[in-house]
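Thank you all for making time this morning. Before I say anything, please take a moment to look over the sequence and the fold on the screen.

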Amino acid sequence: MDISIRLENKNDYKAVEHITREVFWDVYKPGCDEHFVLHKIRKVPAFVKELDFVACDKDTIVGNIIYSRAKVLNEENEEFEVLCMGPSTVLPSYQKQGIGALLMKYSIEKANNLGYKGIIIFGNPDYYHLFGFVSAKDYNIQTSWGDDLDEFMALELYHGSLRDISGKFYEDEVFKIENDELEDFEKQFPFKEKHVTDTQLKL
Ligand SMILES: CC(C)(COP(=O)(O)OP(=O)(O)OC[C@H]1O[C@@H](n2cnc3c(N)ncnc32)[C@H](O)[C@@H]1OP(=O)(O)O)[C@@H](O)C(=O)NCCC(=O)NCCS
């Protein structure tokens, strides 16, 4: 298998939305909205097009990763720019072969080259600790609602880059999805049954 990484382009959008819908379906809730977030996010100023990558097996897209600009606000209302990672996906038949790690490491290096200070994510700590993420509370960064969850993590992009950044984290408004706009968007895709499952994750 010869996997390459390149920037995503407009012709890839639909395929990446399909992959994302397949991968996230019923994982965090019945159905999913990550494919709709992707659809919307590419049009907002917070989207970082220089960090929008796809992983390809020859001409076939098998994974992707995106970033958007987000902010940390402290009690004095000072605002700090950080990156928010996600969604990121790898096609199920290509998972556990290092492609997710390749996308993470490649994009982290590019984000560093672009001068960003840090990346904030919600996710599985077992996975993201592999890339150097630590609990965001180590930097006194909390969720927008003031929590310190283990699943809420931060990565410094260079030594000391998050030292002077603390406060509450706010991702772009585009992540707030209304049910009726999602239902409307869903009409473009083949019907899929939604299920409530015992394993649906909270984040
Ligand atoms: C998360 C995801 C992108 C990982 O992609 P992947 O190509 O399977 O990951 P890799 O093969 O590169 O795995 C890298 C390492 O992480 C580990 N790993 C992979 N998925 C993991 C998971 N869900 N939890 C914990 N560890 C995991 C692998 O064992 C591997 O460890 P190793 O280097 O010690 O062997 C992929 O599983 C996926 O698309 N998941 C569903 C969508 C999702 O949850 N995305 C992330 C949130 S936006």
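I will go through the core, two of the helices, the surroundings of the ligand, and two single residues.

Please keep in mind that this is a predicted model, in which local features need pLDDT of at least 70 and side-chain atom pairs count only at pLDDT 80 or more, while totals for chains, interfaces and linings use all residues. Residues are numbered from 1 along each chain as its sequence is written.

Let me begin with the core. By a nonpolar core I mean a set of buried Ala, Val, Leu, Ile, Met, Phe, Trp, Tyr and Cys residues joined through C-beta atoms within 7 Å, and buried here means that 20 or more other C-beta atoms lie within 10 Å of the residue's own, with exposed for 12 or fewer, partly exposed in between, and C-beta atoms placed from the backbone. The largest such core has 44 residues, and those that touch the most other members are Leu83, Ala111, Ile119, Ile120, Ile121, Ile141 and Ala154. Among the elements that each supply at least two residues of this core are α1 (13–24), α2 (34–41), β3 (60–73) and β4 (79–90), and β3 gives the most, with six residues. Helices (H or I, at least four residues) and strands (E, at least two) are DSSP runs, numbered from the N terminus.

Isoleucine 141 is worth a look on its own: leaving aside neighbours within four places in sequence, it is in contact with Val72, Ile120, Ala136, Ala154, Ile165, Ser166, Gly167 and Phe169, where contact means that the two C-beta atoms, placed from the backbone, lie within 7 Å.

Now to the helices. In α2, six of the eight residues are buried, so this helix is largely enclosed by the rest of the structure; the buried ones are Glu34, His35, Phe36, Val37, Leu38 and Ile41, and they pack against α1, β3, β4 and α5 (179–186).

What about α3, and which of its residues are buried? They are Ile99, Gly100, Leu103, Met104, Ser107, Ile108 and Ala111, and, seen down the helix axis, they fall within an arc of 165° (taken from the directions from the axis to the C-beta atoms), so they line one face of α3. On the other side of α3, Glu109 and Asn113 are exposed. The buried residues of α3 pack against β1 (3–7), β2, β3, β4 and β5.

Phenylalanine 53, in strand β2, counts as buried because it has 21 C-beta neighbours inside 10 Å. Not counting residues up to four places away in sequence, phenylalanine 53 touches nine residues, including Ile5, Leu7, Ile65, Leu103 and Ser107.Turning to the ligand, 19 residues surround it, the closest being Gly86, Gln95, Gly100, Ala101 and Tyr127; a residue is near the ligand if its C-beta atom, placed from the backbone, lies within 6 Å of it. The largest share of this shell, five residues, comes from β4.

Last comes asparagine 124, in the loop between β5 and α4, which counts as partly exposed because it has 13 C-beta neighbours inside 10 Å. The C-alpha atoms of asparagine 124 and glutamate 151 are separated by 5.9 Å, although these residues are 27 residues apart along the chain.
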